[in-house]
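I opened the model today to look up its sheets, its aromatic pairs, its largest pocket and a few loop residues. The entries below follow the order in which I looked.

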Amino acid sequence: MKTKTYPAWVEKYHTKGTSVKQIRNNYYLYSVTSHYSREKGYPVSEQRYIGKITEEGLIEPDKITFTPGVDKLMLLKDAFDLGSVSEKDKAEIHMIPILMIGTKAYTGHLSRKKIAVLRKYFNYEDGVIQS
């Protein structure tokens, strides 16, 4: 089977668990997983759009999508170890609702104080906590 080759700047993002789709001269990155469907009797592929690949880098979409049963809506205290967070700071952030998609945790709109505390203990930028 012949595999499609992409430019080096595209291949850099084409890692295990992802696929690249080319539409005309544009490249798009998707995460790919599969699971066995009892109803259909065969494995079903699930793809999630990650972003557009350009020579300058990966452009993530403005909106994220939520996949029930895969992604999780939870509280910060249930997703991260807050053992190293001071009690005062823990009281400020432990009840923040987050959306876990893969290894990223997305927050909604937060006060400047909560953002400052998150940045103190986590890799937090633009509403995303990277774990």
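**Entry 1: the sheet of β1 to β4**

I began with an open sheet in which 4 strands run in the order β1-β2-β3-β4, with antiparallel pairing. The model is a predicted one, and I read every value here with that in mind. At the edges I found β1 and β4 (57-59), each with a single partner strand, so one side of each is left without a neighbour in the sheet. From one strand to the next, the twist of this sheet averages 45 degrees.

Within the sheet I then followed the pairing of β2 and β3, which is antiparallel and extends over 11 bridges. To fix the register for myself I noted one position, where L29 stands opposite G51 in β3.

**Entry 2: the sheet of β5 to β9**

I found another open sheet, this one with 5 strands in the order β5-β6-β7-β9-β8, again with antiparallel pairing. Its edge strands are β5 (72-75) and β8 (123-125), and each of them pairs on one side only. Neighbouring strands in this sheet are turned against each other by 30 degrees on average, if direction is ignored.

I looked up one strand pair here as well: β7 (residues 104-107) and β9 (residues 128-130) pair in the antiparallel sense over 3 bridges. In this pairing I wrote down K104, which stands opposite Q130 in β9.

**Entry 3: aromatic rings**

I asked next how many aromatic pairs the structure holds. The count is 5 aromatic pairs, and I examined two of them. Y6 and Y27 form an edge-to-face pair, with 5.8 Å from centre to centre and 90 degrees between the planes. This pair links distant parts of the chain, since Y6 belongs to the segment before α1 (8-11) and Y27 to strand β2 (residues 26-37), 21 residues apart. Y6 has a relative accessibility of 14% and therefore counts as buried, and Y27, at 9% relative accessibility, counts as buried too.

The other pair I examined is Y28 with Y49, which is tilted, at 6.4 Å centre to centre and 45 degrees between the planes. Y28 lies in strand β2 and Y49 in strand β3 (residues 42-54), so the pair ties together parts that are 21 residues apart in sequence. Is Y49 buried, partly exposed or exposed? At 35% relative accessibility, Y49 counts as partly exposed, whereas Y28, at 18%, counts as buried.

I also noted that Y6, W9 and Y27 form one aromatic cluster. A further ring, that of Y30, has the charged end of K21 sitting over it, 4.6 Å from the ring centre.

**Entry 4: the largest pocket**

I then turned to the largest pocket, which holds about 760 Å³ of space. Its lining consists of 26 residues, and those closest to its centre are R48, Y49, I50, I101 and Y106. Which strand gives the largest share of the lining? That share, 5 residues, comes from β3, while β2, β3, β7 and β9 each supply at least two residues of the lining. I therefore cross-referenced Y49 here, as a residue of strand β3 that pairs with Y28 and is listed among the residues closest to the pocket centre.

**Entry 5: loop residues**

I finished with three loop positions. R24 has a phi near 55 degrees, a positive value in a residue other than glycine. R24 is placed in the loop between β1 (18-23) and β2, and it is exposed, with a relative accessible area of 71%.

D126 likewise has a positive phi, of about 50 degrees, although it is not a glycine. Where does D126 lie? D126 is in the loop between β8 and β9, and with a relative accessible area of 70% it is exposed.

For H109 I recorded a place in the loop between β7 and α4 (112-121), and a relative accessible area of 81%, so H109 counts as exposed. My last note concerns the separation of H109 and D126, which are 17 residues apart in sequence and 9.8 Å apart in space, C-alpha to C-alpha.

Notes
Residues are numbered from 1 along each chain as its sequence is written. This is a predicted model: local features need pLDDT of at least 70, side-chain atom pairs count only at pLDDT 80 or more; totals for chains, interfaces and linings use all residues. Side-chain values use heavy atoms; hydrogens and water are left out. Rings of Phe, Tyr and Trp (its six-membered ring) pair if their centres lie within 6.5 Å; planes under 30 degrees apart count as stacked, over 60 as edge-to-face and the rest as tilted. Buried means under 20% relative accessible area, exposed over 50%, partly exposed in between (1.4 Å probe, protein chains only). A charge sits over a ring if NZ of Lys or CZ of Arg is within 6 Å of the ring centre and within 35 degrees of the ring normal. Two strands pair if DSSP finds at least two bridges between them. Axes are lines fitted to C-alpha atoms, for helices over the stretch in contact, and angles run from 0 to 180 degrees between N-to-C directions. On a 1 Å grid over the protein atoms alone, a cavity is a set of points where a 1.4 Å probe fits but cannot get out, and a pocket is an open set with protein on both sides within 12 Å along at least five of seven lines; lining residues have an atom within 4 Å of a point. Grid points are joined across faces, edges and corners, and a volume is the space filled by probe spheres set on the points.
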